[in-house]
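Thank you for making time this morning; I would like to walk through one model with you, starting from a term we will need and then moving along the chain.

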Amino acid sequence: MAATAPLTLPVRLTVGDHTVDAGELTLEPSEPLRPAVAGFLRAAADILDDQEVTPDAAP
């Protein structure tokens with residue numbers, strides 16, 4: 001039986017009128033989607049927490 005390759009998905013986040021390419025999410029064949037997406041979003045939130053944002057929303 002042949003091994004199944006991981007699935008890699010591009011991730012884009014949109015908030016209001018702003019869309020950014022957030023990276024890629026790679027899932028192993030037996031990996032559930034929900035925890036993988038949650039981990040990806042937690043990592044993105046950690047990155048955003050480290051950035052200072054000015055009142056006009058410019059980083």
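Before anything else, let me fix one usage: a residue is called exposed when its relative accessible area is over 50%, buried when that value is under 20%, and partly exposed in between. By that rule Arg12, with a relative accessible area of 58%, is exposed, and I will come back to Arg12 when we reach the salt bridge.

What you have in front of you is a predicted model, so let me begin with confidence, since everything else rests on the prediction. The mean pLDDT of the protein is 83, and 83% of its residues reach 70 or more. If we go element by element, helix H1, residues 33–49, has the lowest confidence with a mean of 86, whereas strand E1, residues 7–15, has the highest with 89.

Now to the overall layout. The protein has one helix and two strands, and, reading from the N terminus, the order of these elements is β-β-α. Of its 59 residues, 10% are buried, and the surface that the protein exposes comes to about 5200 Å², of which carbon and sulfur atoms supply 58%. As for contacts, if we take those with a separation of 6 or more, 9% of them are between residues 24 or more positions apart.

Let me turn to the strands. How many bridges join E1 to strand E2? There are nine, and the two strands, E2 being residues 18–27, run antiparallel. Together E1 and E2 form a hairpin with two residues between them, and in that turn Gly16 has a positive phi of about 60°. If you would like to follow the pairing on your screens, Val15 stands opposite His18 in E2, and Val11 stands opposite Gly23 in E2.

That brings me back to Arg12, as promised. The structure holds one salt bridge, and the partners are Arg12 and Asp21, with their closest N and O atoms 3.0 Å apart. As a general point, side chains of opposite charge can pair when their charged atoms come close. Is Asp21 buried or exposed? Asp21 has a relative accessible area of 62%, which is over the 50% cut-off, and therefore counts as exposed; Arg12, at 58%, is exposed by that rule too.

Next, consider Leu7, which is found in strand E1. Leu7 counts as partly exposed because its relative accessibility is 46%, a value that lies between the 20% and 50% cut-offs. Leu7 and Leu27 are 20 residues apart in sequence, yet their C-alpha atoms are 5.1 Å apart in space. Leaving out residues up to four places away in sequence, Leu7 touches Leu25, Thr26 and Leu27. Leu7 also belongs to a nonpolar patch on the surface, formed with Leu9 and Leu33, and the accessible area of these residues together is about 250 Å².

In the segment before E1 we find Pro6, which is partly exposed with a relative accessible area of 42%. Which residues does Pro6 touch, not counting those up to four places away in sequence? They are Thr26, Leu27, Glu28 and Pro29. Pro6 and Ser30 lie 24 residues apart along the chain, and their C-alpha atoms are separated by 9.2 Å.

I will finish with the helix, and with Ala36, whose place is in H1. Ala36 counts as buried because its relative accessibility is 9%, which is under the 20% cut-off. With residues up to four places away in sequence again left out, Ala36 touches Leu25, Leu27 and Glu31. From Ala36 to Leu25 the separation is 11 residues in sequence and 7.7 Å in space, C-alpha to C-alpha. Leu25 and Leu27 are also among the residues that Leu7 touches, and Leu27 appears once more in the list for Pro6, so if you wish to revisit one part of the model afterwards, those lists are where I would look.

Key: Residues numbered from 1 in each chain as written. Predicted model: local features only at pLDDT ≥ 70, side-chain atom pairs only at ≥ 80, totals over all residues. Heavy atoms only, no water. pLDDT = per-residue confidence, 0-100. Helix = DSSP H or I, 4+ residues; strand = E, 2+ residues; numbered from the N terminus. Buried < 20%, exposed > 50% of the residue type's maximum accessible area, 1.4 Å probe, protein only. Contact = heavy atoms within 4.5 Å. Areas by Shrake-Rupley, 256 points an atom, 1.4 Å probe, with all protein chains shown as cover. Patch = residues over 30% accessible without salt bridge, like charges linked within 9 Å, V, L, I, M, F, W, Y side chains within 5 Å. Salt bridge = Lys/Arg side-chain N within 4 Å of Asp/Glu carboxyl O. Pairing = 2+ DSSP bridges.
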